[in-house]
Amino acid sequence: MKIFLCLLAVLSLSAKAQTSVCYGTTSNGRIENAVKLPGEGDNFVGYSTIASLIGRTYVHSQVKDIIIQAYRQLETEQAGKVYKYAETGWAQGGRFKPHKTHQNGLSVDFMTPVIEADGKSVHLPTHPFNKFGYDIEFDANGKYEALTIDYLALAAHIVALHKAAKAQGVDLWRVIFDPKLQPNLFNTRYGDYLKKHVQFSRKASWVRHDEHYHVDFAIPCVHSETKNNGVIK
Ligand SMILES: [Zn+2]
């Protein structure tokens, strides 16, 4: 029993120190030593406790650090605004239905920040009856029932993610968000920064990205699965 406990302690210590290793691409890949996003923080929550429990919120360790750092930055920069992340991927990566990507720990969906009529920042509702929020459709004016898209909070978040990624020596690969709604991001005070530093999807995606925005992180992965004497090349 003692040996078993010691072994457990060693295993959990080494798990903490490990960084993730991603393989392949977001649409054909996998990951080792992925980490789970925390259920909530001071200014953010996850989209579903159940989804988290069944393991749908794993990411690359560096992606987790970037996400946490960005939220921390927003606590002061966008004080009073609340954020919600959504689907990320499995602990081992691989096919993550119904998504086409999200396979190697580098893809993260975030629910679009919204405000009520009085300007109060609130979360989009996410539960099994609206496919965890993914069924929500905004109209051309960025409205869904009594909620309006908070473009300032959204733009600030993407900038914060980009800055946190850069601080770690990596980058964002791309952001997918409904091209028809994108001009509203560029009209905020973050617009110039976004145009200069962030690559947005230009074409409509296979599903409309209005209730959520998808971010792919540019973190180096192992591209070859070839193993030589146990050494991954
Ligand atoms: Zn996605």
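**Entry 1: T126.** I looked up T126 in this predicted model and found it buried, because its relative accessible area is 14%, under the 20% cut-off. I placed T126 in the loop between β10 (121–122) and β11 (143–144). I then listed its contacts, leaving aside neighbours within four places in sequence: they are Y47, K84, M111, F132 and G133. I also checked T126 against S48, which is 78 residues away along the chain; their C-alpha atoms are separated by 7.1 Å.

**Entry 2: strand β8.** M111, a contact of T126, led me to β8 (107–111). Five of the five residues of this strand are buried, so I recorded β8 as largely enclosed by the rest of the structure. I noted that S107, D109 and M111 point one way from the strand, while V108 and F110 point the other way. In a regular strand the side chains alternate between the two faces of the sheet.

**Entry 3: the sheet around β8.** I traced an open sheet of six strands with mixed pairing, in the order β4-β5-β7-β8-β14-β13. Its edge strands are β4 (40–41) and β13 (171–176), each of which pairs on one side only. I followed the order from β4, which runs antiparallel to β5 (residues 44–46) and is joined to it by two bridges; the partner of G41 in β5 is F44. Further along, β7 and β8 are antiparallel and share two bridges, with Y85 matched to F110 of β8. Between β8 and β14 I found five bridges, again in the antiparallel sense; here M111 is partnered by H212 of β14.

**Entry 4: helices.** I recorded that α4 (residues 151–167) packs on the sheet and touches β7 (83–85), β8, β13 and β14 (212–218). The direction of α4 makes about 155° with that of β13. I next took α3 (residues 61–77), a helix of 17 residues, which reaches 24 Å from its first C-alpha to its last. That span is close to the 24 Å expected at 1.5 Å a residue. Among the buried residues of α3 I noted V63, I66, I67, I68, Y71 and L74.

**Entry 5: zinc site.** I looked up the protein donors of the zinc ion and found H102 (NE2), D109 (OD) and H214 (ND1), lying 2.0 to 2.2 Å from the metal. Along the chain, these donors follow the spacing H-x6-D-x104-H. H102 lies in the loop between β7 and β8 and H214 in strand β14, so I noted that this pair ties together parts 112 residues apart in sequence. Both H102 and H214 are buried, and I found D109 buried as well.

**Entry 6: aromatic pairs.** I counted nine aromatic pairs. A pair of aromatic rings is described by the distance of the centres and the angle of the planes. For F44 and Y85 I recorded 6.4 Å centre to centre and 45° between the planes, a tilted arrangement. F44 belongs to β5 and Y85 to β7, so the pair ties together parts that are 41 residues apart in sequence. I found both F44 and Y85 buried. The two rings belong to one aromatic cluster, formed by F44, Y71, Y83 and Y85.

I also examined W90 and F96, whose ring centres are 5.3 Å apart and whose planes stand at 90°, so the pair is edge-to-face. I recorded W90 as partly exposed, at 29% relative accessibility, whereas F96 is buried at 0%.

Definitions and conventions: Residues are numbered from 1 along each chain as its sequence is written. This is a predicted model: local features need pLDDT of at least 70, side-chain atom pairs count only at pLDDT 80 or more; totals for chains, interfaces and linings use all residues. Side-chain values use heavy atoms; hydrogens and water are left out. Two strands pair if DSSP finds at least two bridges between them. Helices (H or I, at least four residues) and strands (E, at least two) are DSSP runs, numbered from the N terminus. Contact means heavy atoms within 4.5 Å. Axes are lines fitted to C-alpha atoms, for helices over the stretch in contact, and angles run from 0 to 180 degrees between N-to-C directions. Donors are N, O and S atoms within 2.8 Å of the metal (3.2 Å for Na, K and Ca); water is not among the atoms, so sites may look incomplete. Buried means under 20% relative accessible area, exposed over 50%, partly exposed in between (1.4 Å probe, protein chains only). The expected span of a helix is 1.5 Å times one less than its number of residues. Rings of Phe, Tyr and Trp (its six-membered ring) pair if their centres lie within 6.5 Å; planes under 30 degrees apart count as stacked, over 60 as edge-to-face and the rest as tilted.
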